[in-house]
Amino acid sequence: MPETVQVAEVDDLPPSAKLVYKVLEYHGAQTQKELVEESMLSARTVRYALGRLEERDMVSEGIYGADARQSLYELTIEDAGE
């Protein structure tokens, strides 16, 4: 189960970062704009949440193929068996 991989790390996050994490977990890779729409958080709050998740290497940032000006964010998956 993906949600059990990083449960302890997620518990220590601020509520906004937890919500962004859950949106990415449920919907898969998203742009910042999509995260704002889906989470109903402000763009600034989503940027903050993504920063916190990136600090812990829980989210990776890639290029969004449809519009190279935007980034695509997705969860990094760690091996639960380690």
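**Exercise 1. Helix α2: length and faces**

Task: Compare the span of helix α2 (residues 15-27) with the value expected at 1.5 Å a residue, then find which of its residues are buried.

Solution. Start with the length: the 13 residues of α2 should span 18 Å at 1.5 Å a residue, and the end C-alpha atoms are 18 Å apart, which agrees. The expected span here is 1.5 Å times one less than the number of residues. Helices (H or I, at least four residues) and strands (E, at least two) are DSSP runs numbered from the N terminus.

A word on the source: this is a predicted model, in which local features need pLDDT of at least 70 and side-chain atom pairs count only at pLDDT 80 or more, while totals for chains, interfaces and linings use all residues. Residues are numbered from 1 along each chain as its sequence is written, and side-chain values use heavy atoms, with hydrogens and water left out.

Next, burial. Buried means under 20% relative accessible area, exposed over 50%, and partly exposed in between (1.4 Å probe, protein chains only). By that rule S16, A17, V20, Y21, V23 and L24 are the buried residues of α2. Looking down the axis of α2, these buried residues fall within an arc of 160 degrees, so they line one face of the helix; the arc is that of the directions from the helix axis to the C-beta atoms. P15 and Y26 are exposed on the other side of α2.

Finish at the end of the helix: G28 follows α2 and has a positive phi, near 85 degrees.

**Exercise 2. A closer look at S16**

Task: Is S16 buried or exposed, and which residues does S16 touch?

Solution. S16 lies in helix α2. With a relative accessible area of 12%, S16 is buried. Leaving out residues up to four places away in sequence, S16 touches L41, T45, Y48 and A49. Contact means heavy atoms within 4.5 Å.

**Exercise 3. Three helix pairs**

Task: At what angle do the axes of α2 and α4 cross, and what are the angles for α2 with α3 and for α3 with α4?

Solution. Two packed helices are described by the angle between their axes and the distance between the axes. Axes are lines fitted to C-alpha atoms, for helices over the stretch in contact, and angles run from 0 to 180 degrees between N-to-C directions. Angles under 35 degrees count as roughly parallel, over 145 as roughly antiparallel, 65 to 115 as roughly perpendicular and the rest as oblique.

- α2 and α4: the axes come within 8 Å and cross at roughly 80 degrees, so the two helices are roughly perpendicular to each other. S16, A17, V20 and Y21 of α2 make the contact with T45, Y48, A49, L50, R52 and L53 of α4.
- α2 and α3: here the axes come within 10 Å and cross at roughly 105 degrees, and the pair is therefore roughly perpendicular. L19, V20, V23, L24 and H27 in α2 meet L35, E38 and S39 in α3.
- α3 (residues 32-39) and α4 (residues 43-55): the axes come within 9 Å, crossing at roughly 110 degrees, so these helices are roughly perpendicular to each other. Q32, L35, V36 and S39 in α3 meet A43, V46, R47 and L50 in α4.

**Exercise 4. Helix α4 and its partners**

Task: Which residues of α4 are buried, and which elements do they pack against?

Solution. First the length: α4 has 13 residues and reaches 18 Å from its first C-alpha to its last, close to the 18 Å expected at 1.5 Å a residue. Its buried residues are V46, A49, L50 and L53. Seen down the axis of α4, they fall within an arc of 100 degrees, so they line one face of the helix. Their packing partners are α2, α3, β2 (59-63) and β3. The face turned away from the buried side of α4 carries the exposed residues R44 and E55.

**Exercise 5. Positive phi in the loops**

Task: What is phi of M40, and what is phi of D57?

Solution. Take M40 to begin with: this residue lies in the loop between α3 and α4. Phi of M40 is near 65 degrees, a positive value in a residue other than glycine. M40 counts as exposed, at 75% relative accessibility.

Now move to D57, found in the loop between α4 and β2. Its phi is near 55 degrees, again positive in a residue other than glycine. D57 is exposed, with a relative accessible area of 55%.
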